[in-house]
Amino acid sequence: MKLFLQMVLSATVVGLSTSTLADSARVWNAPYPEKTAALQAKGDPVRGEEAFVICQGCHRVGALGRADGSYPRLAGQHATVLIKQLADVRSERRSNLKMLPFADHQALSVQDMADIAAYLQGLPVPPDQGQGPGQALALGERLYATDCVSCHGQQGEGDAQRFYPRVAGQHYRYLLRENLLIRDGKRRNSNPAMVEAVRRYSDDELSAVADHMSRLPGASAR
Amino acid sequence: MGLLLCGASARADDARKLATTVCAACHGPDGNSADPQYPKLAGMEQEYLLRQLSAFASGKRREEAMTAVLANVDPGLFSGLAAYFGSFAAAPGKVANAQLAAQGKPLYDDGNTDSGVPACAGCHQPDGKGNARFPRLAGQHQAYVLKQLADYKSGRRATDALMTTVGKRLTATEAQALAEYIAGL
């Protein structure tokens with residue numbers, strides 16, 4: 001019986017794609033040279049504003065993103081989170097083919113990444129982000145309190161030290177899209193604790209919690 | 001100092017002479033070319049034009065005719081040439097197909113979120129006037145814009161990796177719509 005189980009397990013492993021294997025072997029947020037270098041570089045928001053010009057065509061002026069969820073709001077996000085995500089996209093740890101050419105080495109230097117993150121972190125977050133349908137707010141609030149608040153915070157402020165994103169002020173449709181990708185293993189660089197938190201969520205539950213997050217006030221202090 | 005100033009103004013004279021006798025044949029005496037295959041240079045930033053001249057001369061930007069012409073030009077005159085053509089007011093372009101131009105506007109302003117084409121306005125400015133980093137597009141000839149987008153797509157023009165991505169992501173219809181909209185800016 002034990003042998004049989006082992007055979008089934010190894011057959012399953014062989015059947016996985018190489019990228020899935022590499023992903024599962026990876027420790028979440030393990031350091032790698034480029035990410036470490038960008039995190040250690042001193043970001044200059046003035047230079048960052050200039051470097052961010054090439055990002056505006058998608059993320060828009062002021063990094064306010066788009067309510068249709070196609071591009072996230074980056075304004076006010078923690079610099080650590082922005083650098084981690086940018087480095088992960090660029091090194092293809094996070095799957096994002098649309099973004100990839102705009103984040104690669106021809107487009108951005110390591111210093112640019114630090115500068116852009118410093119600029120974005122200091123931008124104001126106006127309370128006009130896209131919100132959800134508002135039909136399951138009680139459910140969303142309950143799910144958030146159970147599974148999300150310990151990392152993303154009472155006000156959706158996230159945690160810069162631990163690389164947990166601020167979710168307050170983000171567009172509902174983007175929050176929903178990423179939650180679906182995380183749950184379904186398609187974002188690829190997700191924290192296993194995050195995947196575990198939403199693993200059993202239905203689409204409706206993900207929508208409810210994304211709707212709740214899109215209405216969080218955010219913390220005034222960043 | 002007096003000598004240096006004399007030298008600089010002699011250079012500007014040389015550049016002007018070259019511009020009016022050689023470059024003007026294709027680009028027009030005031031940088032507003034008549035033939036749509038040649039770009040209008042009027043109203044473009046000196047820094048951008050200088051960068052392109054250097055790229056033609058070094059072969060980094062592949063355009064055989066320009067490289068051949070520049071082979072006989074003192075690179076010390078490039079800056080004066082760029083300043084000369086950039087100093088003129090750009091003549092407005094002519095929209096040939098208003099319906100296409102109308103389709104180009106949302107693409108120019110917002111991009112295509114499905115295919116990941118960024119808004120042109122993000123870099124080239126909503127009015128297409130550009131700046132030192134990103135060229136002016138407003139009023140440019142359709143044929144020239146289309147040729148550049150096609151060259152980015154094919155890799156023939158490889159001066160900007162992001163524009164290569166844009167060229168590859170645009171459909172032929174989108175490129176035409178943009179060229180019409182840009183002509184009317």
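Let me begin with the order of elements in chain A, which, read along the sequence, runs α-α-α-α-α-α-α-α-α-α-α-α, and I should say at once that what we are looking at is a predicted model. The count agrees with that pattern, since chain A has 12 helices and 0 strands. Of the 222 residues in this chain, 42% are buried, and if we take the contacts in chain A with a separation of 6 or more, 78% of them are between residues 24 or more positions apart.

I turn next to the interior. Which residues have the most contacts inside the largest nonpolar core? They are Leu82(A), Ile83(A), Met113(A), Ala117(A) and Leu120(A), in a core that has 31 residues. The elements of chain A that contribute two or more residues to this core are α6, covering 79–90, α7, covering 100–103, and α8, covering 110–121, and it is α8(A) that supplies the largest share, with 8 residues. To take one of these positions in detail, Ala117(A), once residues up to four places away in sequence are set aside, touches Gly43(A), Ala79(A), Leu82(A) and Ile83(A). Another core, of 21 residues, lies apart from the one just described, and among its members are Tyr108(B), Ala175(B), Leu178(B) and Leu185(B).

Now to a pair of helices in chain A. In general, two packed helices are described by the angle between their axes and the distance between the axes. Here, helix α3(A), residues 33–40, packs with α6(A) at an angle of about 155°, the axes being 10 Å apart; because angles over 145 degrees count as roughly antiparallel, α3(A) is roughly antiparallel to α6(A). Their crossing is right-handed. On the α3(A) side the contact is made by Glu34(A), Lys35(A), Ala38(A) and Leu39(A), while on the α6(A) side it is made by Thr80(A), Ile83(A), Lys84(A) and Ala87(A). By residue class, this contact divides into 4 nonpolar, 1 polar and 3 charged. You will notice that Ile83(A), which takes part in this contact, was also named among the residues with the most contacts inside the largest core.

Finally, a helix in chain B. Why is α4(B), residues 78–86, described as largely enclosed by the rest of the structure? The reason is that 7 of its 9 residues are buried. Those buried residues are Phe78(B), Gly80(B), Leu81(B), Ala82(B), Tyr84(B), Phe85(B) and Gly86(B).

Key
Residues are numbered from 1 along each chain as its sequence is written. Chains are lettered from A and ligands numbered from 1 in the order in which they are written. This is a predicted model: local features need pLDDT of at least 70, side-chain atom pairs count only at pLDDT 80 or more; totals for chains, interfaces and linings use all residues. Helices (H or I, at least four residues) and strands (E, at least two) are DSSP runs, numbered from the N terminus. A residue is buried if 20 or more other C-beta atoms lie within 10 Å of its own, exposed if 12 or fewer, and partly exposed in between; C-beta atoms are placed from the backbone. Two residues are in contact if their C-beta atoms, placed from the backbone, lie within 7 Å. A nonpolar core is a set of buried Ala, Val, Leu, Ile, Met, Phe, Trp, Tyr and Cys residues joined through C-beta atoms within 7 Å. Axes are lines fitted to C-alpha atoms, for helices over the stretch in contact, and angles run from 0 to 180 degrees between N-to-C directions. Angles under 35 degrees count as roughly parallel, over 145 as roughly antiparallel, 65 to 115 as roughly perpendicular and the rest as oblique. A crossing is left-handed if the near helix is turned anticlockwise from the far one by less than a right angle, and right-handed if clockwise. Ala, Val, Leu, Ile, Met, Phe, Trp, Tyr, Cys and Pro count as nonpolar, Asp, Glu, Lys and Arg as charged, and the others, Gly among them, as polar.
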